Amino acid sequence: MVSRSKRTTSLGFVTKPMGRTGRQVVNSLVTGKPNTILYPYEKLELPPSYRGKHTLDFKRCIGCSNCVQICPNDCMWMEKLEDPELGKIERPGIDMGRCLFCGLCVEVCPTVAIHETVEFELASHDREKLKFGPKELRDDKFADSYVEERQKRSLPVLDLSKCTGCDKCAPECPAICIAMVPIEGVGKKKPEIELEKCTSCKKCAIICPEKALEMKDVYESYFDMPEPKFMLKNCTGCGACARVCPADCIYMMEMPGTEKVLKDGKKSKPKKRAVFVLEKCVGCGRCFRACKFDAIEMPGARE
Amino acid sequence: MNLYEFSYGIIHWLVNLVNNLWYWLGDVLPGLLGDFFDAIGRFAASHGHMAVMAMLVESLIVIIVALINVLNFIWIFRKLSGRIFDFYGPYYVGYRIGGWLQNLADGVKLLVKEIIVPMKADKMGYLLAPVIYIGSSILIVGIIPFSENFGISTTREPGQYVPGAALLALAVFAIAPFSILLAGWSSNNKYTLIGGMRSAAQMMSYEIPLLLTAVSVFLLAGSLSFVDIVDAQHDIWFGIPLLIGLVVFMVCLAAEVEIIPFDLPEAEAELVEGWTTEYGGMRFGLFYFTTAIRAYAGGALVTAFFLGGWQGPAIIPDEIWFLIKAYIVYVIFQWMTWSLPRVRVDQMLGVGWKRLLPLAVLNLLIAAAMKTLGWF
Amino acid sequence: MAEMWINMGPQHPMTHGLWNLRIKVDGETIVDAQPEVGYLHRGIEKLAEGKTYTQIIPIADRLCYGSSMTWSHLYCLTVENLMGLEVPERAEYIRVMAIEMQRIASHLMWLAAYASDLGLAAGFTYTMRDREVLIDLFQALTGGRLTYNYPRIGGVAHDLPANFERDALRAVDYMETRLKQYEDMFEGSKIFMMRNVGIGILKKGDAVNLGVTGPSLRASGVSYDLRKDMPYSVYPEMDFAVATHEDCDCYARYRVRMDEMWESCKIIRQSLKKMPKGKWRIVAPRTAPVGTGLGRVEDPRGEGMMYLVGDGTDRPYRLKIRSPIFVTVSAAPKILVGYKLADVVAIMGGLDMCIGEADR
């Protein structure tokens with residue numbers, strides 16, 4: 001395409017550009033104001049989606065450390081704390097000196113506990129002061145006033161300690177997402193739910209006699225987190241994975257028929273094994289790191 | 001009452017005050033010492049001595065008034081540039097008077113900076129260049145009078161001002177290129193050398209149309225003194241018949257004073273700071289200040305030659321009229337500065353020699369024609 | 001005067017980035033030139049080998065901080081090519097709109113630097129002020145002002161915020177009136193034309209041989225634009241023209257960029273009108289298959305390309321980046337020889353150097 005250029009006259013030595021700047025002066029003096037925001041005395045108005053300093057909701061955070069693992073620049077760390085209400089917890093801290101303010105930690109959080117506010121005035125004379133621990137980031141009320149962008153769905157969440165394997169939920173589901181799967185070695189069955197097909201109709205939660213299925217609000221996550229694979233033959237039933245799992249997905253169940261007869265004739269307790277409820281898993285990889293017997297495989301998890 | 005009489009009055013009063021001391025000492029001390037102090041007292045009261053001191057005082061007054069005006073010019077420059085660029089100019093320092101005190105704050109800042117002399121620089125030239133530059137520029141502002149009664153006189157008789165003042169002003173204006181070349185060369189830096197060379201070329205090629213246009217004004221006025229030139233404009237300002245001359249004079253002045261579009265010696269984009277690169281602290285401040293002084297001197301010259309000097313309705317005193325016109329010319333200069341890009345060296349030389357010189361000659365012919373027709 | 005070598009840079013107030021240009025001058029005429037880049041090398045290709053695919057997106061943004069949406073989009077295209085993903089349509093339209101807005105913002109920043117180099121200081125503030133309008137739109141859309149971290153593998157990070165269409169259309173209308181005023185101010189000034197016409201001629205054959213792409217190539221008369229010749233994303237559905245110019249000088253490059261800004265305004269309007277409703281992101285797999293992926297886009301400065309080798313894990317094996325400015329800067333000796341020292345800024349400014357992507 002031929003461009004739309006113009007040729008200029010000799011008078012355009014000075015008149016046209018001077019006309020433009022002259023009009024600018026008139027505009028700025030007479031009809032309008034200059035385009036300056038007198039900074040310390042007037043502040044910028046920022047949209048709520050601006051990515052500034054983080055806030056952390058202690059109650060929503062489960063301490064899964066997904067944010068620490070996804071940070072591109074390794075700016076976050078987990079700190080062990082004692083809270084009067086919540087007990088012994090682990091919460092993340094951020095080094096603002098290294099932070100890119102990219103927002104990936106906000107996106108990957110499974111419980112929408114960490115947010116970024118519009119506060120950007122974080123300068124300090126000392127690099128050590130830029131390391132914000134979890135207590136400095138704590139704000140339990142921010143999430144109430146914030147309009148979440150992520151979609152949430154109401155999904156059934158299984159509490160395996162209450163489940164008896166009675167198989168009342170599976171025929172109730174209209175979308176046929178529940179299948180009863182036997183647990184190897186334990187002899188019971190547990191329901192496995194395909195969460196993509198669930199329509200949130202609540203029939204399975206209503207029918208369950210033990211109230212093991214509960215409808216909870218789960219936020220959509222677009223990240224493909226790694227899933228643990230369990231190898232029964234290596235499991236010794238030590239329970240380390242169940243203790244560290246932040247999302248309560250691992251239950252230790254006894255395997256009947258594995259009692260050994262001890263030397264003095266008494267029967268020992270039966271061996272335990274770990275049972276995974278993978279619908280709740282957030283992919284943090286702590287079970288993988290905690291198991292010392294190579295019973296859990298997790299391709300793609302950090303060491 | 002003109003300035004000479006005013007300063008003579010001040011000196012007279014001062015001498016009378018101090019002579020009390022000398023005469024008292026002459027009375028008290030015996031012999032030769034007493035005669036000595038008596039002689040000092042009589043010398044101080046003599047007319048020649050007081051005339052010389054009066055001239056010094058009036059030069060001081062004129063220069064101080066001019067320099068305060070230059071501070072005003074710098075303030076207007078920054079505010080106007082701010083409005084052209086769509087921001088406020090200086091705002092906080094001197095908040096209620098619109099940021100006027102920013103100049104003083106900048107001056108103090110430049111005073112406390114460290115002064116570095118490059119190791120391999122030619123010390124004599126390096127230290128001498130700013131002195132020549134600012135010295136000659138202050139000399140110009142001293143010569144241009146503000147009105148008939150407010151200027152520097154050369155004789156004891158009031159009303160007689162520097163006879164060849166206009167020619168002297170233009171001559172002193174042209175000393176500056178030498179100091180720029182000296183500064184550029186003695187800094188031991190390839191960039192400043194190029195800046196200095198460019199400046200020399202530019203100033204030399206734009207002196208000639210400038211002087212030719214000034215000659216046409218002298219021709220019409222019939223004299224070289226400012227007072228006579230302004231008096232000759234009582235019917236009509238010279239700017240109107242000599243319109244070509246006015247335009248040529250303003251363009252040449254822009255080149256002499258080194259503002260964009262003729263900014264090459266100091267072109268930031270290519271040469272960092274041009275010929276002032278190696279100067280720091282208050283030396284740089286002096287260069288900056290001198291650019292403003294020369295811009296003011298240029299504006300004053302244009303006013304005096306073409307725009308009727310200090311003539312105007314009598315509601316406002318003459319000096320204020322002169323200043324108002326000089327400010328208007330300065331504002332037009334600044335408007336031009338921020339609207340136009342920079343010209344290149346060979347283009348600038350082309351404009352100077354090929355376009356402005358014939359126009360200046362044409363202007364001279366028009367002036368000569370008007371003079372012979374007896375219109376002036 | 002004798003010939004001497006002058007160093008323009010690395011510390012120089014106006015060279016748009018950290019690089020060194022050594023010029024041999026004879027008086028004021030240039031005889032030879034040698035560009036030296038590498039002062040801003042940050043090791044991005046090596047950094048990418050130790051991070052997962054999602055973690056590299058903010059780093060790809062910082063390749064060229066003047067037009068960062070282009071580079072993260074290019075990276076996502078490459079990874080989607082490697083994994084064989086199909087992105088939802090709404091995400092494609094949002095991406096195209098964001099890229100064209102970024103193109104206008106990048107050209108405005110170029111114009112600001114170019115005008116102030118030539119001495120036209122008012123041009124700087126006017127164009128930067130107009131760029132603020134676009135940056136405010138980006139701030140509402142993505143949350144950041146200069147580096148956005150917005151495209152994701154499989155779509156975009158989140159949907160358009162409320163009232164975005166109204167604000168974007170208002171911004172585009174405002175931009176078109178301002179573009180008209182810029183043409184008056186720049187081309188209406190005879191000095192600007194004197195500084196640009198006939199300077200820095202790069203003939204058609206030389207440009208093609210040296211591998212120059214982008215507006216510099218189109219200003220030499222070669223009509224090569226990746227959005228039309230090798231279309232990606234939803235460009236086949238957009239109706240726009242490719243800007244070329246026949247003179248090969250600085251004025252032609254300036255003119256091509258101004259025309260590109262007009263065309264980008266058209267594309268933004270079309271994409272806002274044609275945008276379907278639906279999903280804006282799909283879940284991308286975490287590990288990549290063993291194989292290679294290639295992505296090519298039309299960066300505001302030329303043709304950008306990324307090449308990715310995946311090895312079955314969730315981190316890439318090798319990421320190779322081809323930056324257009326790295327190739328264009330090697331054309332410096334050809335263009336500069338024979339002109340005056342004062343033309344260096346006009347010519348090198350006209351090539352729109354952004355050293356962040358040249359040095360990676």
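In chain C, strand 7 (residues 302-310) and strand 8 run antiparallel and are joined by six bridges; helices (H or I, at least four residues) and strands (E, at least two) are DSSP runs, numbered from the N terminus. The model is predicted: local features need pLDDT of at least 70, side-chain atom pairs count only at pLDDT 80 or more, and totals for chains, interfaces and linings use all residues. Residues are numbered from 1 along each chain as its sequence is written, while chains are lettered from A and ligands numbered from 1 in the order in which they are written.

One bridge partner in strand 8 of chain C is C:Arg322, which is matched with C:Met305. These strands belong to an open sheet of three strands in chain C, ordered 6-7-8 with antiparallel pairing, where two strands pair if DSSP finds at least two bridges between them. Strand 6 (291-299) and strand 8 (316-322) of chain C form the edges, each pairing on one side only. On average, neighbouring strands of this sheet are turned by 15 degrees against each other, direction ignored. Helix 3 (residues 68-83) of chain C lies across strand 6 and strand 7 of chain C, at about 150 degrees to strand 6; axes are lines fitted to C-alpha atoms, for helices over the stretch in contact, and angles run from 0 to 180 degrees between N-to-C directions.

Chain B contains 14 helices and zero strands. The C-alpha trace of chain B spans about 75 × 65 × 45 Å along its principal axes. Of its 376 residues, 43% count as buried, that is, 20 or more other C-beta atoms, placed from the backbone, lie within 10 Å of the residue's own. Among contacts in chain B (C-beta atoms, placed from the backbone, within 7 Å) between residues at least 6 apart in sequence, 76% join residues at least 24 apart.

Contacts between chains involve 25 residues of chain C and 21 residues of chain B. Elements of chain C that each supply at least two residues to its side include strand 1 (3-8), helix 4 and helix 5 (121-142).

The largest nonpolar core (buried Ala, Val, Leu, Ile, Met, Phe, Trp, Tyr and Cys residues joined through C-beta atoms within 7 Å) has 202 residues, and those touching the most other members include B:Ile144, B:Ala297 and C:Tyr75. Helix 4 (residues 89-118) of chain C contributes the largest share of this core, 18 residues. Another core, of 27 residues, lies apart from it and includes A:Leu160 and A:Ile296.

How values were computed:
Buried ≥ 20, exposed ≤ 12 C-beta atoms within 10 Å, placed from the backbone. Contact = placed C-beta atoms within 7 Å.
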